[in-house]
Each structure stands twice: as structure tokens, then as C-alpha cells.
Amino acid sequence: MKFKEFLKKNIKRYLLVVFVILFCAFNISAQSSQNQNFPQGSTQGRTEMTRGTGAIDFPNLSITATSPRTGKEVAFSVQLLLLLTLLTIAPSILILLTCFLRFSIVLDFIKRALSLQQVPPTAVLNGIALFMTLFCMWPTFSKVYNDSFRPLSNNEITLEEAYTKAEAPVRLFMYAQMAGDNSYIGTFTKMAKLPQPKNLTEVPTYVLIPAYILHELTVAFKIGILLYIPFIVIDMVVASILMSMGMMMLPPVQISMPFKLMLFVLVDGWGLLTTQLFNSVVR
């Protein structure tokens with residue numbers, strides 16, 4: 001009974017909904033039959049291509065590997081291999097065969113002597129050392145470029161001659177830095193079981209390079225010790241004053257750092273440091 005009463009009450013609504021659905025379906029079928037665009041305002045699509053449209057031409061790619069047939073091809077392969085090897089070890093050459101090693105170590109020593117942790121950053125110190133190295137080594141680099149790289153690029157000399165002419169200025173620079181202190185050359189000569197050399201021409205390059213690296217480390221540490229002495233004195237004085245005042249819990253570095261900075265600025269520390277480093281390299 002309840003279902004019949006519910007159906008009598010809502011039958012008009014159901015009939016109205018069915019009538020609207022049938023009316024919409026009739027209009028859609030009529031419009032599609034007349035080839036009209038639906039919904040209104042849309043564009044009728046098509047699948048035909050424009051007559052002027054052509055196919056895309058893809059080039060044929062082929063990679064072949066052949067064995068060298070002439071001596072020039074072999075020489076070019078060797079030159080390419082040597083060039084890639086040189087580019088790989090170029091950072092090590094720049095760091096170890098120049099004065100960059102001395103500059104970077106001394107700058108790091110002065111940063112630690114001033115009790116500075118973050119300022120200046122290590123990247124800034126390395127940048128300063130790099131450009132100071134370029135400034136000091138510019139005559140050597142210019143001679144290498146003029147005597148070796150430029151003639152080689154102009155095909156005026158061979159690769160072996162270019163290597164010899166590029167090696168000579170660098171060897172002369174390293175040997176000049178060790179003037180008066182050939183102990184490391186003697187050490188490595190004994191380790192290599194070679195006769196003691198009398199001049200630069202008798203020193204092999206594989207002996208000269210490690211001797212120069214150890215010499216630069218020694219010189220850099222000597223300069224670092226000399227830089228540490230005045231700042232250590234300031235730390236000791238400040239620590240003694242704090243102990244006498246009974247302020248044992250206060251870190252001495254926290255009090256001494258401003259005094260060390262004022263001393264470093266008043267004596268123009270950066271100017272004196274760079275000048276003395278330059279004079280230690282360029283005599």
C-alpha cells in the first residue's frame with residue numbers, strides 16, 4: 001500500500017524526466033544527421049592531410065672504426081691520447097709544479113693563526129693563491145706558450161720538440177726555487193741510485209718534481225711557523241691575564257681574537273704577506 005501511494009505521488013515527476021531525455025536525444029540525432037557542429041561553436045574535424053605536406057627526410061647515420069693505415073693517422077691518435085692525459089693531470093700540474101702549493105699553505109696558516117673559523121672561506125683563499133700564482137708564474141707561462149704551444153699549433157715543430165721546450169722553463173723555475181738547498185735532489189737521486197748531479201741538466205725530471213714538492217712544503221711550513229709566533233704571544237698574554245683574574249671558564253681565544261685582528265690590520269698584514277710571498281718566489 002505504501003509503495004502504491006508513493007508511486008502515485010511521484011509518477012508525474014518520473015514521466016517529466018523521461019520526456020526531457022527523449023527530447024534531448026531526438027535533437028542530438030537530428031543535428032548529427034544534418035552534419036551540424038555540436039556543441040555549438042565547435043569546429044568540425046577532418047582526417048585529410050594537406051596536399052603540400054610531404055614526408056620527413058631522415059639522414060642516414062653510419063659510424064665506422066678503421067685501423068690506421070699511415071704514420072700520420074697513428075701520430076694523430078697518439079697526440080689525442082697525450083692531450084687527454086695532459087688535461088686530466090692539468091690540475092695536479094698547476095698545484096704541484098708552481099708556487100700555488102706554498103701560497104695556499106701559508107694563507108691557511110694565517111687563517112688558523114688568527115683563530116678564524118669561517119672567514120675568509122677556503123674557496124676565497126684558494127682563489128687568492130691561484131691568481132697570485134698566475135701573477136708570479138706569468139713569465140714562465142708566456143715562455144712556454146711562445147716557445148712550445150704556438151709553434152706546435154702552427155706545425156713548425158714536432159710534438160717531442162714542443163714537450164722539450166715546454167719542460168725547460170718549468171724545470172728552470174723549480175730548480176731556481178731550490179737554489180742553495182739541493183738536499184732533496186740528493187735524497188731522491190740516492191733513492192733512484194743515480195750519480196750526484198752537478199747542474200740542472202744532469203737532474204732528471206722525475207727526480208726534480210718530488211724534490212721540488214717537498215721543498216715547497218718545507219718552505220711553507222717555515223713561513224707558517226714565523227707567522228704563528230706573534231699571535232701565539234698574544235694568546236699567551238691574554239691567557240695569563242685571564243688566569244690571574246680568576247676567569248678560567250672564559251675561553252682565551254674569544255678575548256685574544258679581536259686583538260690579533262687589530263694587530264693584523266694595523267700592520268697591513270695582507271699587504272706585507274703578499275709582498276713577502278712574492279719576494280720569496282721572484283728573486
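Colleague: Which classes of residue form the lining of the second largest pocket?

Modeller: A helpful idea first: rolling a probe the size of a water molecule over the atoms shows where empty space is left. In this predicted model, the lining of the second largest pocket has 12 nonpolar and two polar residues, with no charged residues.

Colleague: How much space lies in that second largest pocket, and which residues are closest to its centre?

Modeller: The second largest pocket holds about 310 Å³ of space. Its lining has 14 residues, and the closest to the centre are I110, L227, G269, L272 and L273. The elements giving two or more residues to this lining are α7, α8 (252-266) and α9 (269-281).

Colleague: Let's turn to helix packing. What describes two packed helices?

Modeller: Two numbers do the job: the angle between the axes and the distance between the axes. Take helix α3 (residues 100-113) and helix α7 (residues 205-244): their axes come within 9 Å and cross at roughly 20°. That angle makes α3 roughly parallel to α7. The crossing of these two helices is right-handed.

Colleague: Which residues make the contact of α3 with α7?

Modeller: On the α3 side, they include L101, I105, F109 and R112, and on the α7 side, I213, E216, L227 and F231 are among them. By class, this contact has 15 nonpolar, two polar and three charged residues.

Colleague: At what angle do the axes of α3 and α9 cross?

Modeller: The axes of α3 and α9 cross at roughly 150° and come within 11 Å. Angles over 145 degrees count as roughly antiparallel, and α3 and α9 are therefore roughly antiparallel to each other. Here, too, you can note the hand: α3 passes α9 in a right-handed crossing. The contact is made by R102, F103, V106, L107 and I110 of α3 with W270, L273, L277, S280 and V281 of α9. Sorted by class, that gives eight nonpolar, one polar and one charged.

Colleague: Are helices α4 and α5 roughly parallel or roughly antiparallel to each other?

Modeller: Start with the numbers: helix α4 (residues 122-153) and helix α5 (residues 159-177) pack at an angle of about 170°, with their axes 8 Å apart. The two helices are therefore roughly antiparallel to each other. Among the contact residues are M137, V144, D147 and L152 of α4, together with L159, Y163, P169 and F173 of α5.

Colleague: And how do the residues of the contact of α4 with α5 divide, by which classes?

Modeller: They divide into 10 nonpolar, two polar and three charged.

Technical notes: Residues numbered from 1 in each chain as written. Predicted model: local features only at pLDDT ≥ 70, side-chain atom pairs only at ≥ 80, totals over all residues. Heavy atoms only, no water. Axes fitted to C-alpha atoms, helices over the stretch in contact; angles between N-to-C directions. Helix = DSSP H or I, 4+ residues; strand = E, 2+ residues; numbered from the N terminus. Parallel < 35°, antiparallel > 145°, perpendicular 65-115°, else oblique. Left-handed = near helix turned anticlockwise from the far one by under 90°. Contact = heavy atoms within 4.5 Å. Nonpolar A, V, L, I, M, F, W, Y, C, P; charged D, E, K, R; others polar. 1 Å grid on protein atoms, 1.4 Å probe; cavity = no way out; pocket = protein on both sides within 12 Å on 5 of 7 lines; lining within 4 Å. Points joined across faces, edges and corners; volume = space filled by probe spheres on them.
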